[in-house]
Structure formats: structure tokens, C-alpha cells
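Grab a coffee and open the viewer. Below are some short exercises, each with a worked solution to follow step by step.

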Amino acid sequence: MKRLSFAKDRTWIGLLAAIALVYHAYFIVKAWRQPVLLYGDAYYYDHSAHVLNALHLYAYWSWGPAAQVTPGYPLFLALVYRLAALFTPSHETAMHLAQACQHLLAVATSLLVYVIARFRLPRYASFVAALLWTVYPPVIYANDQLLTENLYIPFLLAFVWSFLVLVRDRTWQSFVAAGLLLAVTTLIRPSVAPLLAAPACLFLQRETRRAWKPMLRNYALYIATFAVAMVPWWVRNLVAMHQWITTDLDAANPLLFGSDPTFYKDTNISNGLTYAQQKALAIQRIEEGFRTHPLAYLKWYTLDKLGWLFDTPWYNSVLPQHAGLLTRLTFAYAHLHLVWVIVGAIGLAAGFGMRYVRWLSWLTVFLIVVQLPFIPINRYAYPTMPFLFVGVGTVAYLVTAWARLRKATPRRTAAP
């Protein structure tokens with residue numbers, strides 16, 4: 001694809017937008033009728049947003065300065081809460097407004113999946129990928145919770161779109177836009193920061209090496225834009241925390257639990273330990289595990305963790321006893337999750353030989369690999385699902401193309 005033609009794609013985009021808006025509007029109304037439940041990370045994000053608005057101080061689970069997590073999602077919540085406060089003092093209403101904003105962002109993710117797929121796939125295959133993502137039940141489950149994924153995924157998809165534009169156009173503007181979006185995405189969830197090196201892969205192409213000077217200049221702009229956008233967070237950490245913190249301090253805990261094959265049983269492993277002690281213990285356990293049981297630990301850090309990440313959807317694990325027909329259908333569809341994972345993986349594997357799709361394939365591999373050292377829970381696999389649905393669209397395209405080719409090829413008639 002050279003450029004998306006909105007004149008030709010507007011019917012598909014309009015239909016997709018209408019379906020996504022109606023679908024999410026239904027769940028916005030449904031969520032508004034129920035109390036917002038805060039537990040785990042959601043409780044601390046809510047607390048952080050409160051402290052930001054009340055004291056203009058960035059905290060996490062205390063009332064003092066903190067850098068356990070990057071500030072993107074708490075800032076988003078604080079902004080929504082401040083907007084809600086203009087109309088009502090009710091905190092419940094403010095949280096419902098945050099849910100509604102997240103659902104509207106989910107509509108944007110559907111459109112982004114479509115335009116990303118359209119870089120290589122035809123309209124019908126791109127629409128299939130985006131529609132399957134739109135009605136994927138964990139999307140609703142996620143957006144009803146006050147968690148990072150709901151801001152991270154739209155910005156991750158926006159970055160991916162900008163990066164594909166960068167690959168296509170090679171202009172300095174596209175490099176600047178991609179660098180800025182990568183910084184914003186990093187400030188929401190820092191695991192994407194290594195993608196700062198992604199444009200360097202373009203130097204593997206012969207035509208890039210021939211025109212290396214403009215490419216090197218643009219890559220420098222990409223890095224500089226990323227750094228400038230990150231400077232406020234770095235300066236804040238130096239001033240408030242009196243130390244250099246590139247992203248956050250919270251990686252030590254999931255790294256520690258990721259070192260334990262029985263993490264779901266031994267939930268007290270981090271009790272009483274500082275972040276530095278948790279990180280040191282995690283490294284010690286990993287080194288000891290690979291030294292004493294190398295094959296078992298290799299299996300744990302590959303096949304076993306992939307199973308934990310992708311075997312089940314990030315969704316309700318038990319169907320309510322008196323669930324209605326729609327709930328039962330949604331539950332059944334959610335548990336087709338493994339089908340989408342397998343078909344999507346096949347599509348992305350086939351996509352290694354297709355322009356633009358190969359970048360999505362490598363990105364999906366990257367997103368999975370960066371999770372393997374950490375605790376393997378299905379919530380962490382959820383951000384890869386938009387790309388796996390593009391893989392499903394790729395399979396739909398390849399199967400259709402094969403069927404058309406077979407139909408168009410005249411059969412040999414048997415000799416008399």
C-alpha cells in the first residue's frame with residue numbers, strides 16, 4: 001500500500017466506526033449502572049491520580065514522591081477526574097467517566113487496527129481483523145477496569161502506525177512523529193523503550209545504506225525527539241527522587257515472581273524486601289536455576305511461560321450461574337481466544353515474507369520476548385492481541401487469494 005485512500009476506504013472505516021461506537025456505547029451504559037471495583041494496580045492508579053490533583057505530587061501507594069510506575073496512566077486518570085470535578089464532586093461518577101473515555105479510546109484502537117492492516121492487506125481482510133478485535137470480549141473486560149492497558153494499547157497502535165509511515169515515507173517528519181509517540185507510549189508502559197533501536201533495522205536494506213546520510217540524520221531526529229519528550233520525567237526523578245531513573249522502579253517485583261515456577265502458590269516471596277533486594281534475589285534465583293537445572297529453567301522461560309501467557313484469555317474464568325444468553329455467547333466467544341492466537345500466529349509467521357506485515361511480526365515477537373523474564377499472566381499477553389488479529393486477517397487474505405488462484409487456474413483435462 002502506498003497511501004490509505006479515505007475516498008475508497010471511508011465506507012469500511014465508517015461501518016467499522018459505527019459498529020464500534022454502538023458496541024462500546026452499550027457497555028458504557030451497562031458499566032455506569034454498576035459500581036467501579038478497585039483492586040490491585042487499579043487501586044494504586046486511582047490513589048496516584050487523587051494525590052496528583054490534591055497535592056500536585058506524583059505518588060503511587062504512599063503520599064510521598066514515587067517512581068514505581070511511569071506517569072502516563074495516572075496523569076490520564078487525574079485529567080479525567082479533574083474534568084468530572086467541574087460537574088460533580090462524586091468520585092464514583094469520575095471513575096465512570098474514566099471508563100467511558102477508555103471505551104471511546106477502544107473505538108480508536110479498532111480504527112487503528114484497520115489502518116495498520118491496510119498497509120498490506122486488502123479492505124475486507126483489514127476489516128475482518130479490526131472487527132474481530134472490536135468484539136473480542138477481553139476488550140470490554142479491560143476497559144471496565146482502571147488499568148494501564150486501556151491507554152497503552154491505543155498509543156502503542158498509534159506508534160506502530162507512525163512507524164509504518166516512517167518505513168514507507170522516510171521523511172524527517174515521520175521520524176519525529178514516531179519518536180514522539182514512542183516516548184508517550186514509554187511513559188505509559190516502559191517495556192516498549194527498546195524500540196528506540198527499531199529504525200536501525202532499516203540499515204540492513206541495501207537502498208538505505210546507499211543513502212545513509214539522510215537516514216542517519218532522520219534517525220538522530222527520532223532519538224532526539226524521544227529524549228526531549230522524556231526529559232520532564234527524568235528531571236522530575238532527579239529532583240524528587242534524587243537519583244537517575246530512566247523509566248520506573250517497578251520491574252524488580254514481576255522479575256522476582258517470574259523467576260519462580262510456583263509463583264501462583266508462593267505469594268509471599270517479596271515480603272519485606274526493597275526493590276533493590278527483590279531485583280538481587282531475582283537475579284540470584286535465575287542464575288542458580290540455570291546453573292543447577294538448565295533444561296527445566298529453559299523450559300520455564302520459554303514453553304511454560306508462553307503457555308501461561310496465552311492459554312487463557314484475560315477475561316472472566318467462570319461463567320456466572322444464572323448468566324443470560326448474551327453473557328453465555330460472550331463467554332463462549334472469549335474462550336475461542338486460543339483459536340485466534342494460533343491462527344494469528346500462523347498469519348504473522350506467513351507475514352514474515354510480506355512487506356509491512358513483517359514489521360508487525362517482529363514487533364509481536366518483541367512484545368512477547370520482553371515479557372518472558374517477568375511474571376507470566378494473561379493480562380501481559382493482552383496487548384499483543386491486536387497484532388494477532390492482523391495475523392488472522394492475513395490468513396483470511398492468503399486463503400482467499402489461494403482459492404481465487406485455484407479457481408482461475410484451468411484444470412488439466414485427462415488424456416483420452
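**Exercise 1. Find the contacts of a loop proline.** Setting aside neighbours within four places in sequence, which residues is Pro190 in contact with?

*Solution.* Keep in mind that this is a predicted model. Leave out anything within four places of Pro190 in sequence, and what remains in contact is Thr70, Thr247 and Asp248. Next, place the residue: Pro190 sits in the loop that runs between α8 (172–188) and α9 (206–210). Finally, try a long-range distance. Val128 is 62 residues away from Pro190 along the chain, and their C-alpha atoms are separated by 30 Å.

**Exercise 2. Describe a helix pair.** At what angle do α5 and α18 pack, and how far apart are their axes?

*Solution.* Start with the general idea: a packed pair of helices is described by the angle between the axes and the distance between them. Here, α5 covers residues 123–134 and α18 covers residues 385–408. The angle is about 145°, and the axes are 8 Å apart. As for handedness, α5 and α18 make a right-handed crossing.

Now list who meets whom. From α5 come Tyr124, Ala125, Ala129, Leu132 and Trp133. On the α18 side, the residues include Met385, Pro386, Phe389 and Val390, with Gly393 and Thr400 also among them. Sorting the residues of this α5–α18 contact by type gives 12 nonpolar, two polar and no charged.

**Exercise 3. Look into the core.** Which members of the largest nonpolar core touch the most other members?

*Solution.* This core has 113 residues, and the ones to pick out are Leu77, Trp133, Leu146, Phe159 and Val160. Then ask where the core gets its residues: helix α7 (residues 149–169) gives the most, with 13 residues. Zoom in on Phe159 to finish. Skipping neighbours within four places in sequence, Phe159 is in contact with Ala178, Leu181, Leu182, Thr185, Leu195 and Tyr222.

**Exercise 4. Classify two alanines.** Is Ala130 buried or exposed? And is Ala117 buried or exposed?

*Solution.* Take Ala130, which lies in helix α5. Its relative accessible area is 0%, so Ala130 is buried. Beyond the neighbours within four places in sequence, Ala130 is in contact with Leu16, Ser110, Val113 and Tyr114. For scale, Leu249 is 119 residues from Ala130 along the chain, with 35 Å between the C-alpha atoms.

Now Ala117, which belongs to helix α4 (residues 91–117). Its relative accessibility is 2%, so Ala117 is buried. With neighbours within four places in sequence set aside, Ala117 is in contact with Ser126 and Val390. Val341 is 224 residues from Ala117 in sequence and 17 Å away in space, C-alpha to C-alpha.

**Exercise 5. Work through a helical threonine.** Which residues does Thr330 contact once neighbours within four places in sequence are left aside?

*Solution.* First find Thr330 in helix α14 (residues 325–334). At 18% relative accessibility, Thr330 falls under the 20% cut-off and therefore counts as buried. The contacts you're after are Pro137 and Tyr315. Check Pro138 too: it is 192 residues from Thr330 along the chain, yet the two C-alpha atoms are separated by 9.7 Å.

**Exercise 6. Check two histidine backbones.** What is phi, roughly, at His56? What about His242?

*Solution.* Begin with the background: most residues other than glycine have a negative phi. His56 has a positive phi of about 55°. You'll find His56 in the loop between α2 (41–55) and α3 (72–85). With a relative accessible area of 63%, His56 is exposed.

On to His242, where phi is positive and near 55°. This histidine is in the loop between α10 (212–241) and α11 (252–258). At 66% relative accessibility, His242 counts as exposed.

**Exercise 7. Count the disulfides.** How many disulfides are there?

*Solution.* A disulfide is a covalent bond between the sulfur atoms of two cysteines. The step needs a cut-off, namely sulfur atoms within 2.5 Å. Applying that rule gives zero disulfides. While you're at it, look at two cysteines: Cys101 is partly exposed at 23% relative accessibility, and Cys201 is partly exposed at 40%.

Terms used:
Residues numbered from 1 in each chain as written. Predicted model: local features only at pLDDT ≥ 70, side-chain atom pairs only at ≥ 80, totals over all residues. Heavy atoms only, no water. Buried < 20%, exposed > 50% of the residue type's maximum accessible area, 1.4 Å probe, protein only. Axes fitted to C-alpha atoms, helices over the stretch in contact; angles between N-to-C directions. Helix = DSSP H or I, 4+ residues; strand = E, 2+ residues; numbered from the N terminus. Left-handed = near helix turned anticlockwise from the far one by under 90°. Contact = heavy atoms within 4.5 Å. Nonpolar A, V, L, I, M, F, W, Y, C, P; charged D, E, K, R; others polar. Core = buried A, V, L, I, M, F, W, Y, C linked by side-chain atoms within 4.5 Å.
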